[in-house]
Amino acid sequence: LEHLVHDFLVKRKNELKELETFVSNQDFDQIRQLTHKWKGYSAPYGFGILGTLAEGMNNQAHQKDFLQCAQT
């Protein structure tokens, strides 16, 4: 199972770069899509805190709250 967690972490690390770009561009649709995916994937891999953070950012993106998204 270690390889699954490793793959999960590598994918999220790569997606983090994308997320930073989405936030910089205030692309709330892409932020919502990516954080929605993170919400669903995080808990089963044992990263509940990531899911919680993703849920918060997803809500902020729905509200188009750039400052909160940038701070998260």
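This report describes the helices, the nonpolar core, the salt bridges and the loops of a predicted model.

## Helices H1 and H2

Helix H1 covers residues 2-24, which makes 23 residues, and at 1.5 Å a residue it should span 33 Å; the C-alpha atoms at its two ends are indeed 33 Å apart, so the expected and computed spans agree. The buried residues of H1 are Phe8, Arg12, Glu15, Leu19, Phe22 and Val23, a list in which Arg12 and Glu15 will return below as partners in a salt bridge. These buried residues of H1 pack against H2, H3 and helix H4, the last of which is made of residues 66-71.

Helix H2 can be checked in the same manner: its 15 residues should span 21 Å at 1.5 Å a residue, and because its end C-alpha atoms are 21 Å apart, the two values agree. Its buried residues are Phe28, Ile31, Arg32, Leu34, Thr35, Trp38 and Ser42, and what covers them includes H1, H3 and H4.

## The nonpolar core

Which residues make up the largest nonpolar core? There are 11 of them in all, namely Leu19, Phe22, Val23, Phe28, Ile31, Leu34, Trp38, Ala54, Met57, Ala61 and Cys69. Helices H1, H2 and H3 each supply at least two residues of this core, while the largest share, four residues, comes from H2.

Cys69 gives a view of the core from one of its members. When its neighbours within four places in sequence are left aside, Cys69 is in contact with Val23, Phe28, Met57, Gln60 and Ala61. Of these partners, Val23 is among the buried residues of H1, and Phe28 is among the buried residues of H2.

## Salt bridges

Side chains of opposite charge can pair when their charged atoms come close. The structure holds three salt bridges, and Arg12, Glu15 and Lys37 are linked in a network of such bridges. Within this network, Arg12 forms a salt bridge with Glu15, with the closest N and O atoms 2.7 Å apart. Because Arg12 and Glu15 are three residues apart in helix H1, they are separated by about one helical turn, and both of these residues are buried. Glu15 also meets the side chain of Lys37 in a salt bridge, at 2.4 Å from N to O. Since Glu15 lies in helix H1 and Lys37 in helix H2, this pair ties together parts that are 22 residues apart in sequence. The two partners are covered to differing degrees, for Glu15 has 9% relative accessibility and therefore counts as buried, whereas Lys37, at 29%, counts as partly exposed.

Asp29 and Arg32 form a salt bridge as well, in which the closest N and O atoms are 2.1 Å apart. Both residues lie in helix H2, three residues apart, or about one turn of the helix. Is each partner buried or partly exposed? Asp29 counts as partly exposed because its relative accessibility is 45%, while Arg32, at 17%, counts as buried because it falls under the 20% cut-off.

## Loops with a positive phi

Most residues other than glycine have a negative phi. Gln26, however, has a positive phi of about 50 degrees although it is not a glycine. This residue follows H1 and has its place in the loop between H1 and H2. With a relative accessible area of 41%, Gln26 is partly exposed.

Lys64 also has a positive phi, of about 55 degrees, and it is not a glycine either. Lys64 is found in the loop between H3 and H4, and its relative accessible area of 56% means that it is exposed.

## A nonpolar patch on the surface

On the surface, Leu1, Leu4, Tyr41 and Tyr45 form a nonpolar patch, and together they have about 420 Å² of accessible area. One of them, Tyr45, is found in the loop between helix H2 (28-42) and helix H3 (48-62). At 35% relative accessibility, Tyr45 counts as partly exposed, because values between the 20% limit for buried residues and the 50% limit for exposed ones are classed in this way.

Key:
Residues numbered from 1 in each chain as written. Predicted model: local features only at pLDDT ≥ 70, side-chain atom pairs only at ≥ 80, totals over all residues. Heavy atoms only, no water. Patch = residues over 30% accessible without salt bridge, like charges linked within 9 Å, V, L, I, M, F, W, Y side chains within 5 Å. Areas by Shrake-Rupley, 256 points an atom, 1.4 Å probe, with all protein chains shown as cover. Salt bridge = Lys/Arg side-chain N within 4 Å of Asp/Glu carboxyl O. Buried < 20%, exposed > 50% of the residue type's maximum accessible area, 1.4 Å probe, protein only. Expected span 1.5 Å × (residues − 1). Contact = heavy atoms within 4.5 Å. Core = buried A, V, L, I, M, F, W, Y, C linked by side-chain atoms within 4.5 Å.
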